[in-house]
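Here's a quick tour of one chain, written for someone who likes the cut-offs spelled out. Have a look at the model first, then read on.

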Amino acid sequence: MSAPLRQTPLHDAQAEIGARMVAYARLGDARPLRRVIAEHLAVRSAVGAFDVSHMGEIETTGPGALDLLMLVCSNDIARIPICGAQYSLLCREDGGVLDDVFTYRLAAERYLTVTNAANHERDLACFAHTPADSTRR
């Protein structure tokens, strides 16, 4: 017998509007399989919400935080103002794309990078295996 799926904070609201909940990306989270057309139209014409509670988080802090992020992210992380965010790509050594991420600058030397849930372990390994003296950008 398999373990029950974990539920995100928006699970009940999604189920109420008719979303069919299924296991997501072998992570054990219940995610909606399909969206209701009314929800799609509301997002297109007004506003919507996307539940990101299942996504991965990598916090980078300290004097070397910016240097590390400049090595692993494709955009200029130094341009993010405090309380700002930036969309970027994590790239392989050969320039191919590993994942797309959002990096938030929480303070002068404190950043939060949000990864896709299914790729989080691989993305975290990219951060951990980047040598401090690397010239990779």
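## A hairpin, a core and some cysteines

The hairpin of β5 and β6 has five residues between its strands, and G95 takes a positive phi near 95° there. Strands β5 (residues 85-91) and β6 (residues 97-107) run antiparallel and are joined by seven bridges; strands count as paired if DSSP finds at least two bridges between them. Across the pair, A85 stands opposite Y104 in β6.

A word on ground rules. This is a predicted model, in which local features need pLDDT of at least 70, side-chain atom pairs count only at pLDDT 80 or more, and totals for chains, interfaces and linings use all residues. Residues are numbered from 1 along each chain as its sequence is written, and side-chain values use heavy atoms, with hydrogens and water left out.

Zooming out, the chain has four helices and seven strands (DSSP runs numbered from the N terminus: H or I of at least four residues for helices, E of at least two for strands). Along the sequence the pattern reads β-α-β-β-α-β-α-β-β-β-α. Of the 137 residues, 34% are buried, meaning under 20% relative accessible area with a 1.4 Å probe, protein chains only; over 50% is exposed, and in between is partly exposed.

How far can you trust it? The chain averages a pLDDT (the predictor's confidence in each residue, from 0 to 100) of 81, and 80% of the residues score at least 70. The lowest and highest elements are these:

| Strand | Residues | Mean pLDDT |
|---|---|---|
| β3 (lowest) | 29-32 | 60 |
| β7 (highest) | 110-115 | 96 |

Over residues 133-137 the pLDDT is below 50, though this stretch has 15 contacts in the model beyond near neighbours in sequence (contact: heavy atoms within 4.5 Å). Where pLDDT is low, the predicted coordinates shouldn't be read in detail.

Now the largest nonpolar core, a set of buried Ala, Val, Leu, Ile, Met, Phe, Trp, Tyr and Cys residues joined through side-chain atoms within 4.5 Å. This core has 14 residues, and L69, V72, C73, I77, L90, Y111 and F127 touch the most other members. Helix α3 (65-72), strand β6 and helix α4 (120-128) each give two or more residues, with α3 supplying the largest share, four. Leaving aside neighbours within four places in sequence, I77 contacts L66, L69, M70, Q86, T103 and Y111.

And the cysteines? With a disulfide defined as a pair of cysteine sulfur atoms within 2.5 Å, the count is zero. For C73, the nearest cysteine sulfur, that of C126, is 8.3 Å away. C91 is unbonded because its closest cysteine sulfur, in C126, is 8.6 Å away. C73 counts as buried at 1% relative accessibility, and C91 is buried at 18%.
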